[in-house]
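Please open the model in your viewer and keep the selection tool at hand, since this tour moves from one selection to the next.

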Amino acid sequence: MRTVVEFQASGATYCLPVESTRAVRSAAGMIALPAPRPHVAGLLPGDPPLTVMSPFGSAGQHVIVLYVGDTTYGLLVENVTGLRHVDDADLRPAPTGQQRELVCGSVTINGQLVLLANPSAVVMSS
């Protein structure tokens, strides 16, 4: 059994391992980064400023703060649904056809397909 943070982006439902998440913040106050790399939505002011990634789409009201390796990033999402418990036996392999491995698996929760996002690929998507 694993605990995941479930969120919505670009019309799909995703989840991330809770171990990779640190917080959920509002995207209000995010500023544009001049000449950003692909999938960099902007910066949230702070000490230090938080780089916000948007590989699942550029629309979003919330930022999930991710800690991967020794780096902290934000992930722009539309909504954060909450925590879910997923049985490891219910996890399926990643779907085929991805250019980058942003999705590392899938699971059906309450009859709905939920894609398991790969935190390492999210922060390396820039």
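**A walk through the rings and the loops**

Select F56 to begin: at 7% relative accessibility, F56 counts as buried, where buried means under 20% relative accessible area, exposed over 50% and partly exposed in between (1.4 Å probe, protein chains only). This is a predicted model, in which local features need pLDDT of at least 70 and side-chain atom pairs count only at pLDDT 80 or more, whereas totals for chains, interfaces and linings use all residues. Residues are numbered from 1 along each chain as its sequence is written, and side-chain values use heavy atoms, with hydrogens and water left out.

Next, add Y14, whose ring centre lies 4.4 Å from that of F56 with the planes at 40°, so the pair is tilted; rings of Phe, Tyr and Trp (its six-membered ring) pair if their centres lie within 6.5 Å, and planes under 30 degrees apart count as stacked, over 60 as edge-to-face and the rest as tilted. Y14 lies in strand β2 (residues 12–17) and F56 in the loop between β5 and β6, so the pair ties together parts that are 42 residues apart in sequence; strands (E, at least two residues) are DSSP runs, numbered from the N terminus. Then add F7, which is buried at 0% relative accessibility and forms one aromatic cluster with Y14 and F56.

Now turn to the backbone. Most residues other than glycine have a negative phi, and most peptide bonds are trans. Select D47 and P48, which are joined by a cis peptide bond with omega of about 5°. Finally, select S10, which has a positive phi of about 50° although it is not a glycine, and which lies in the loop between β1 and β2.

Notes. Helices (H or I, at least four residues) and strands (E, at least two) are DSSP runs, numbered from the N terminus.
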